[in-house]
Amino acid sequence: ALKQNIPLVIYNSEDYYFKDQRSLSPLYRFYRYDYKRQVRKLISYASHSVYNSDMLNDTYAAEFNHRSTVIMTASEITPTDNNKASTPPVVSYLGNLGVGRHEPLVEFAYALNEVFPDIYLDVYGKPPTREIEQELNACASIRLKGFVPYDEVIRVMQYSDLLVHVENFSEFYRWDLKHAFSTKIADSLACGTCLFAYGPPEIASIKYLLDNDVAVVVTERNKLKEKLRELINNVDMRQAYINRALKLANQRHNKMNNARQFAAVILRVHYDSVGK
């Protein structure tokens, strides 16, 4: 961009700049110094930065004086009939089984089984290790379905009675995944199925759901059974969350709206560069 004298737009979904770790290695300290120097130079030169979440945008805005926009992950899923009434209800988790997520999934499944012994948690995804696969299979209330293609993911989302999203509660993951925003959130909000989230409130995905009141969010293990009992027995409560989720999905996760927003950023940068 410098050589050609053309504007630069950054798309950023990561917080590596802020992830300083303690190390005795002089090579690590040199690497971090050089990396952060290059990031500062990059953002300083760029005409605009696009972030995938409000939290990430706020974090960079506090460090850098730069123009930025939040454009979130979009979804093309359309909701099905919201009056779901499977017997027993279908509860599904679809997504990454790494980054410690198998642990809160097992906790959720045990709580679900204690309240509703006839309801299982169907888990779709490929366990990253043999040990994680064994832990999931050892939980009698989890049915491990394995990896499925995206068209099947959509079908499961649309016809489940409850979708589940989880994040790990350990100190490491609270730090490492603070700005992580799950790509499944957009589809989960747009599919017309009630979402249940279980994780620490400071992680971006969980905070977003809490702030917008579009999912039942539990941030403490001892509240799991109470909230599950309330939600599964209350169809109107689930529908209220679905309605708010669909509204938010249209506002912030609509493919056409997000494309127009991104095009506006590019055009503004272009006209600003032409006018210089």
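**Exercises on strand β2 and its neighbours**

Both faces of strand β2 (residues 48-51) are covered, with His 48, Ser 49, Val 50 and Tyr 51 all buried, buried meaning under 20% relative accessible area with a 1.4 Å probe, protein chains only. The model is predicted: local features need pLDDT of at least 70, side-chain atom pairs count only at pLDDT 80 or more, and totals for chains, interfaces and linings use all residues. Residues are numbered from 1 along each chain as its sequence is written, and side-chain values use heavy atoms, without hydrogens and water.

**Exercise 1.** Assign the four residues of β2 to its two faces.

*Solution.* In a regular strand, side chains alternate between the two faces of the sheet. Here His 48 and Val 50 lie on one side. Ser 49 and Tyr 51 lie on the other. Strands are DSSP runs (E, at least two residues) and helices likewise (H or I, at least four), numbered from the N terminus.

**Exercise 2.** Describe how β1 is joined to β2.

*Solution.* Strand β1 (residues 9-12) runs parallel to β2, with four bridges between them; pairing requires at least two DSSP bridges. Asn 12 has Tyr 51 as its bridge partner in β2. The chain passes from β1 through helix α1 (residues 26-45) to β2 in a right-handed β-α-β crossover. Right-handed means that, with the strands pointing away from the viewer, the path from the first strand over the helix to the second runs clockwise.

**Exercise 3.** Which strand pairs with β2 over three bridges?

*Solution.* Strand β3 (residues 68-70) does, in the parallel sense. Ser 49 stands opposite Ser 68 of β3. With helix α2 (residues 54-63), β2 and β3 form a right-handed β-α-β unit.

Key: Buried < 20%, exposed > 50% of the residue type's maximum accessible area, 1.4 Å probe, protein only.
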